[in-house]
Amino acid sequence: MLVVGSGGREHALGWKLAASPRVDAVYTAPGNGGTENNVPIAADDLGGLADFAADRGCLTVVGPEAPLAMGIVDLFAGRGLRVFGPTKAAARLESSKEWAKEFMARNGIPTARFGAFGEPGPAHRLVDSLAEGGGVVVKADGLAAGKGVVVCGGADEAHAAVDRMLVSGEFGGAGSRIVVEERLEGEEASYIAMCDGEAAVPMASSRDHKRALDGDRGPNTGGMGAYSPAPAVEGEETARAVREGVIERAVAAMRREGCPFSGFLYAGVMVGADGRPSVLEFNARMGDPECQPIVMRMDFDLFEYVEACAEGRLASMPPPRWLARHAACVVVASRGYPGRHDSGGEISGLDRPPARDVRIFHAGTRREGGRILASGGRVLGVAALGDSLRSAVSAAYGEARRVSWPGSRMRSDIGAGGPAREGGGLSGGS
């Protein structure tokens with residue numbers, strides 16, 4: 001196996017893939033300080049990655065969005081290499097917020113009212129119109145590492161966000177066009193499915209915490225923590241509405257429009273007070289940090305499903321099984337993230353094995369001699385299982401407090417608002 005990427009998602013996927021009795025070795029390119037068999041090939045060196053996969057006979061899993069948007073799957077498929085992920089055309093669901101919103105509108109997938117703009121004037125006018133009825137969200141059209149979404153509390157903040165993107169160019173080319181949409185209210189959840197272009201198999205539900213600071217304050221980040229399952233989409237009616245009205249409808253529409261979707265299809269949804277879901281965004285890959293608690297709950301061979309997707313036979317697979325437990329992930333980041341942040345400090349506490357049912361997934365780390373240094377914004381993801389969300393969160397924080405470096409920080413309220421009752425009424429099935 002070859003896993004492309006260097007974050008906590010890639011560490012978690014590689015860990016689970018390596019557990020398969022059919023996998024001889026997992027290589028990670030370029031990897032991080034916690035992954036093994038690292039290959040010094042950047043995630044955007046598509047030719048170099050293809051050469052490596054061809055030389056080793058790898059089935060490749062693409063983690064991050066950037067190489068997908070560049071067309072890594074098209075290149076690999078053109079060379080006859082097995083790869084798990086969407087084509088460049090299918091990855092537009094994430095690489096262009098404007099394209100994704102228009103796709104949803106023409107295919108009857110529920111989402112917020114919106115407008116797309118390349119000039120500030122019309123965008124400001126829509127802000128004024130939407131602000132009369134509630135909040136506003138301003139999104140950079142292109143890829144911005146999870147930070148190109150500004151959830152605005154009022155018109156002034158939304159106008160400022162429009163100007164930051166279209167006038168000041170804060171997000172570069174990713175913000176040369178923007179989407180302005182109404183702010184939906186309710187409970188968020190991440191609903192992710194494995195797809196092969198025809199069929200879709202749901203993963204365990206999850207919810208992440210995007211804001212940098214406690215109480216969901218501060219700027220958006222790539223994610224400061226996550227937990228699974230997400231109660232908002234665990235009810236039978238809501239789960240069916242997302243599965244049929246969002247995931248299956250999107251997969252069918254992508255196939256009908258000539259760009260079938262294979263890989264992880266991620267729908268970020270908002271569930272209103274009436275239980276009806278609306279799509280906040282699509283991503284064309286597994287979430288990060290949602291991946292970490294999801295893989296902790298997997299009670300099946302992930303490789304078998306990746307291979308089935310890559311070979312177009314997902315419909316023949318049995319429903320995946322899930323541990324009837326909760327899982328949580330706490331992200332330990334560098335001070336200042338998601339803005340200018342510290343890096344380079346040695347991480348202490350990694351020499352001790354983690355507690356039972358706890359895993360430490362590396363993200364922004366690197367090895368230097370016998371030391372592991374913090375080298376990024378999100379540095380570690382500490383994931384744990386528990387018989388309740390409360391116990392999973394407690395175990396994750398217990399381990400997270402044992403690792404540190406100068407300038408490390410984390411939110412203290414991951415899992416807040418989730419189900420606190422013991423047990424949680426989970427089943428072990430799909």
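The following exercises treat salt bridges in a predicted model.

Local features require pLDDT of at least 70 and side-chain atom pairs count only at pLDDT 80 or more, whereas totals for chains, interfaces and linings use all residues. Residues are numbered from 1 along each chain as its sequence is written, and side-chain values use heavy atoms, with hydrogens and water left out.

**Exercise 1.** State how many salt bridges the rule yields.

*Solution.* The rule asks for a side-chain nitrogen of Lys or Arg within 4 Å of a carboxyl oxygen of Asp or Glu. Applying it gives 33 salt bridges.

**Exercise 2.** Characterise the pair Asp216 and Arg411.

*Solution.* Step one: the side chains form a salt bridge with an N to O distance of 3.1 Å. Step two: the partners lie in distant parts of the chain, 195 residues apart. Asp216 belongs to the loop between β12 (211–213) and β13 (217–220), and Arg411 to the segment after β22 (408–409); strands are DSSP runs of E, at least two residues long, numbered from the N terminus. Step three: burial is assigned with a 1.4 Å probe on protein chains only, buried being under 20% relative accessible area, exposed over 50% and partly exposed in between. Arg411, at 1%, is therefore buried, while Asp216, at 39%, is partly exposed.

**Exercise 3.** Describe the pair Arg313 and Glu311 and place both in their network.

*Solution.* Step one: their closest N and O atoms are 2.8 Å apart, forming a salt bridge. Step two: Arg313 is partly exposed at 30%, and Glu311 is partly exposed at 40%. Step three: salt bridges link Arg313 and Glu311 in a network with Arg22, Arg82, Glu304 and Glu307.

Methods
Helices (H or I, at least four residues) and strands (E, at least two) are DSSP runs, numbered from the N terminus.
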